[in-house]
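Biologist: I have a new structure on the screen and would like to go through it with you. Please keep the cut-offs explicit as we go.

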2 protein chains.
Amino acid sequence: MARRTAEEAEQTRQAIAAAAKQLFIQQGYQATSMEQIRESSGMSKGSIYYHFKSKEQLFMYLLELNMVDWIYKCTERFKLASNATEKLYAIAHHFAHDFENPLMQASMEFSGTKGADPEVIEKIVEMSKFPLPLILDVIKEGIQQKEFAEDDPEGLALLLYSVLGGLGMIQFDNYSLEELEFIHRKAIDVFLNGIRA
Amino acid sequence: MARRTAEEAEQTRQAIAAAAKQLFIQQGYQATSMEQIRESSGMSKGSIYYHFKSKEQLFMYLLELNMVDWIYKCTERFKLASNATEKLYAIAHHFAHDFENPLMQASMEFSGTKGADPEVIEKIVEMSKFPLPLILDVIKEGIQQKEFAEDDPEGLALLLYSVLGGLGMIQFDNYSLEELEFIHRKAIDVFLNGIRA
DNA sequence: GACTATACTGACCGATCGTTCTAATAATGG
DNA sequence: CCATTATTAGAACGATCGGTCAGTATAGTC
């Protein structure tokens with residue numbers, strides 16, 4: 001079998017991407033082999049390299065997709081929030097539910113890969129910070145609206161990002177989604193309490 | 001050259017451990033090869049495997065050493081603190097200065113390794129949470145002494161651990177030690193403000 | 001229906017992985 | 001001083017890595 005229609009080809013591409021994404025999340029970048037991706041996707045080695053020119057590029061593709069999706073969903077949630085405080089809760093909620101974002105873990109691990117293209121590494125490090133500007137904007141808004149006390153917005157943003165990022169990185173295998181959500185909400189509670197005007 | 005005195009052998013062992021530690025911190029577990037450790041330590045493959053029976057065991061050895069050292073230093077700092085609040089600052093200070101603790105990153109990455117002994121994985125996951133009990137104790141103390149508001153200590157401990165852990169995991173390549181310390185101090189400021197009695 | 005570009009296969013590549021093995025040497029115990 | 005054993009070196013192992021390539025089959029084009 002060979003030469004599918006363009007539509008079928010796109011399905012193949014997505015099947016590979018989906019399998020790769022799951023494996024990268026479960027095992028990290030280095031621990032996932034192209035052979036595993038081949039097996040899991042049901043496609044052939046050649047097909048994978050037809051659609052993606054390297055493991056690095058495949059990973060990058062997934063990261064970009066994930067980032068766009070993350071930002072989109074987050075701004076969607078923002079529409080329902082009437083002030084900065086609610087937006088912070090929205091972000092926390094988003095982090096808690098973000099079973100896709102574990103790609104962040106993989107992307108941090110990626111940086112250490114030997115022989116990796118330095119350009120790609122820098123790009124990925126850069127990309128891994130994508131939620132920061134969003135958080136920063138909300139905090140600036142909160143300060144401007146007198147919801148939060150006057151303070152260094154950049155520092156606070158970095159702080160909140162670390163909290164949520166840190167929460168996401170800890171091994172929560174034995175926590176339910178409800179518990180996860182609770183912890184993230186509590187994080188915002190304490191944080192808000194700490195910066196309240 | 002061969003057969004050194006027991007003392008020299010111990011030096012060899014430590015040289016290997018030191019080289020490995022640095023590499024694991026810089027590159028992570030999987031990205032660090034035994035060949036690199038050999039090159040960096042200046043010893044031979046055979047010597048490495050004479051002292052450590054596998055890469056896994058070498059890593060475990062470093063983790064345990066690191067954990068013991070961490071806890072010791074931390075309890076030392078606690079002696080200078082007169083209340084729970086100061087102890088929290090001490091912990092933050094310790095996290096900020098902890099250029100050794102990045103092993104935590106490597107240990108989280110390790111979990112994903114294929115073919116890794118499940119027993120070892122569980123042991124490492126367990127070990128990676130070692131600062132939690134310490135933090136928990138301090139928070140309990142703070143609540144009991146009415147420094148902090150009545151609240152769920154476990155939740156707060158997990159939260160603070162995530163903050164500090166998260167701060168440690170973010171790529172801070174372009175931050176100075178002063179800035180690092182400042183950020184960690186700020187984290188405690190906000191946290192304390194958020195839980196103050 | 002001939003031709004071409006596209007989509008895919010699977011065998012194969014050299015490099016590198018963690019690990020093992022043998023041999024050589026020197027400190028140690030008798 | 002001899003036998004033993006602890007400690008090192010470094011060649012070699014099989015497995016697996018990411019990646020390539022020649023070949024094949026079909027959808028689209030004329």
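Biologist: Let's start with one side chain: what is the relative accessible area of Arg38(A)?

Modeller: Arg38(A) belongs to the partly exposed class, which lies between buried (under 20% relative accessible area) and exposed (over 50%), using a 1.4 Å probe and protein chains only. The areas come from the Shrake-Rupley method, and for residues only the protein chains shown count as cover. For Arg38(A), the relative accessible area is 25%.

Biologist: Before we go on, what kind of model is this?

Modeller: Residues are numbered from 1 along each chain as its sequence is written, while chains are lettered from A and ligands numbered from 1 in the order in which they are written. Local features need pLDDT of at least 70, side-chain atom pairs count only at pLDDT 80 or more, totals for chains, interfaces and linings use all residues, side-chain values use heavy atoms without hydrogens and water, and the model is predicted.

Biologist: Which residue does Arg38(A) meet in a salt bridge?

Modeller: A salt bridge here is a side-chain nitrogen of Lys or Arg within 4 Å of a carboxyl oxygen of Asp or Glu. The partner of Arg38(A) sits three residues away, about one turn of the helix, and both lie in helix α2 (residues 34-41) of chain A; helices (H or I, at least four residues) and strands (E, at least two) are DSSP runs numbered from the N terminus. That partner is partly exposed at 38%. At 2.7 Å, N to O, the residue paired with Arg38(A) is Glu35(A).

Biologist: Which residues of chain B form a salt-bridge network?

Modeller: Side chains of opposite charge can pair when their charged atoms come close. In chain B the network links three residues: Glu35(B), Arg38(B) and Lys45(B).

Biologist: How many residues apart in sequence are the parts tied together by Lys87(A) and Glu141(A)?

Modeller: Lys87(A) is buried at 16%, whereas Glu141(A) is partly exposed at 23%. Their salt bridge has its closest N and O atoms 3.0 Å apart. Lys87(A) lies in helix α5 (residues 84-97) and Glu141(A) in helix α8 (residues 131-144) of chain A, so the distance in sequence between the parts they tie together is 54 residues.

Biologist: Where does the chain B partner of Asp151(A) lie?

Modeller: Asp151(A) is partly exposed at 30%, and Lys186(B) is buried at 13%. Their side chains meet in a salt bridge of 3.1 Å, N to O. The pair crosses between chains, from the loop between α8 and α9 (153-169) of chain A to the site of Lys186(B), helix α10 (residues 177-195) of chain B.

Biologist: How many salt bridges does the rule give over all chains?

Modeller: The pairs we have just seen include Arg38(A) with Glu35(A). Over all chains, the count is 11.

Biologist: What percentage of the residues in chain A are buried?

Modeller: Chain A has 10 helices and zero strands, and its C-alpha trace spans about 65 × 35 × 35 Å along its principal axes. Of its 197 residues, the buried share is 53%.

Biologist: How far apart are the end C-alpha atoms of residues 33-52 of chain A?

Modeller: An unreviewed UniProt entry lists these residues as "DNA-binding region"; positions follow the numbering used here, feature names are shortened, and annotations may be inferred rather than shown by experiment. The stretch is 75% helix and 0% strand, and its end C-alpha atoms are separated by 14 Å.

Biologist: Which residues form the negative surface patch?

Modeller: Patches are made of residues with over 30% relative accessible area and no salt bridge, joining like charges within 9 Å and nonpolar side chains (Val, Leu, Ile, Met, Phe, Trp, Tyr) within 5 Å. Lys and Arg count as positive and Asp and Glu as negative, with His and the chain ends not counted; the charge is placed at NZ of Lys, CZ of Arg, CG of Asp or CD of Glu. One member, Glu119(A), lies in helix α7 (residues 118-128) and is exposed at 63%. The patch is formed by Asp117(A), Glu119(A), Glu122(A) and Glu126(A).

Biologist: Near what value is phi of Lys146(A)?

Modeller: Lys146(A) lies in the loop between α8 and α9 of chain A and counts as exposed at 63%. Phi is positive in this residue other than glycine, near 65°.

Key:
Areas by Shrake-Rupley, 256 points an atom, 1.4 Å probe, with all protein chains shown as cover.
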